[in-house]
Amino acid sequence: MPPDDQSPSQLIDARIKELGDWRGEMLGRLRALVKEADPEVVEEWKWRGVPVWSHDGIICTGETYKSVVKMTFAKGASLDDPSGLFNSSLEGNTRRAIDFREGEKIDAKALKTLIRAAVSLNESKAKR
């Protein structure tokens, strides 16, 4: 199937498979946690190949680089991060990100709490 005929979910599946290393495994795990945290999440494919998860607006993206898988929260600066997950893009007024490196463990409970907080923030802004 040509790329234009694939759904965003199929394109994300293909990206995970294409990476074929720890980054693909990490992206797949992060994706599963987003879906567990918000079963109503919508998967999108934007900006020439970035997986995006949305619910009443963008929740976060899953970018892959040579040495990190970066999960960027669109409104991260407005979220409480009691577990201190955010470790990247800390200087901005809007976004916050988490860089995951090879071999790092994911604090699944804290990450799902952060995802749910992002969904709640989007929902509260959508109702205005």
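# Helix contacts and a core: worked exercises

Ser9, Ile12, Asp13, Arg15, Ile16 and Leu19 of helix H1 meet Arg23, Gly24, Leu27, Gly28 and Arg31 of helix H2; contact here means heavy atoms within 4.5 Å. Helices (H or I, at least four residues) and strands (E, at least two) are DSSP runs numbered from the N terminus.

Before you start: this is a predicted model, where local features need pLDDT of at least 70 and side-chain atom pairs count only at pLDDT 80 or more, while totals for chains, interfaces and linings use all residues. Residues are numbered from 1 along each chain as its sequence is written, and side-chain values use heavy atoms, with hydrogens and water left out.

## Exercise 1: H1 against H2

Work out at what angle the axes of H1 and H2 cross, then look at what arginine 23 touches.

- Step 1. Start with the axes, which are lines fitted to C-alpha atoms (for helices, over the stretch in contact), with angles running from 0 to 180 degrees between N-to-C directions. The H1 and H2 axes cross at roughly 145° and come within 7 Å.
- Step 2. Pick out arginine 23, which sits in helix H2. Arginine 23 counts as buried because its relative accessibility is 17% (buried is under 20% relative accessible area, exposed over 50%, partly exposed in between, with a 1.4 Å probe and protein chains only).
- Step 3. Skip the neighbours within four places in sequence, and arginine 23 is in contact with Tyr65, Lys66 and Val69.
- Step 4. Now try a C-alpha to C-alpha distance: arginine 23 and serine 67 lie 8.4 Å apart in space, with their positions 44 residues apart in sequence.

## Exercise 2: H2 against H3

Find which residues make the contact between H2 and H3, then follow arginine 116 and glutamate 123 along H3.

- Step 1. The H2 and H3 axes are 9 Å apart, and the helices pack at about 55°.
- Step 2. H2 brings Arg29, Leu30, Leu33, Val34, Glu36 and Ala37 to this contact, and H3 brings Ala108, Leu111, Lys112, Ile115 and Arg116.
- Step 3. Zoom in on arginine 116 in helix H3. Its relative accessibility is 41%, so arginine 116 counts as partly exposed.
- Step 4. Outside its neighbours within four places in sequence, arginine 116 is in contact with Glu36 and Ala37. C-alpha to C-alpha, arginine 116 and histidine 55 are 10 Å apart, though 61 residues apart in sequence.
- Step 5. Move on to glutamate 123, also placed in helix H3. With a relative accessible area of 26%, glutamate 123 is partly exposed.
- Step 6. Not counting residues up to four places away in sequence, glutamate 123 touches His55 and Asp56. For alanine 97, the C-alpha to C-alpha distance from glutamate 123 is 20 Å, at a sequence separation of 26 residues.

## Exercise 3: The largest nonpolar core

Say which members of the largest nonpolar core touch the most other members.

- Step 1. A nonpolar core is a set of buried Ala, Val, Leu, Ile, Met, Phe, Trp, Tyr and Cys residues joined through side-chain atoms within 4.5 Å.
- Step 2. The largest one holds 30 residues, and Ile59, Met71, Phe73, Ile98, Leu111 and Ile115 touch the most other members.
- Step 3. Which elements feed it? At least two residues each come from helix H1 (8-19), helix H2 (22-37), strand E3 (58-64), strand E4 (69-73), strand E5 (96-100) and helix H3 (108-126). H3 gives the largest share, eight residues.
- Step 4. Take leucine 111. Beyond residues up to four places away in sequence, leucine 111 touches Leu30, Leu33, Met71, Phe73, Leu85, Ile98, Phe100 and Ile106.
- Step 5. Then take isoleucine 98 in strand E5, buried with a relative accessible area of 3%. Leaving aside neighbours within four places in sequence, its contacts are Val69, Lys70, Met71, Phe73, Leu85, Phe86, Asn87, Leu111 and Leu114.
- Step 6. Isoleucine 98 and phenylalanine 73 are 25 residues apart in sequence and 8.4 Å apart in space, C-alpha to C-alpha.

## Exercise 4: Two positive phi values

Locate tryptophan 47 and serine 89, and read off phi for each.

- Step 1. Tryptophan 47 is in the loop between strand E1 (42-46) and strand E2 (50-54). Its phi is positive, about 50°, although tryptophan 47 is not a glycine.
- Step 2. Is tryptophan 47 buried or exposed? Tryptophan 47 counts as exposed, at 54% relative accessibility.
- Step 3. Serine 89 is in the loop between E4 and E5. Phi of serine 89 is near 55°, again a positive value in a residue other than glycine.
- Step 4. At 27% relative accessibility, serine 89 counts as partly exposed.
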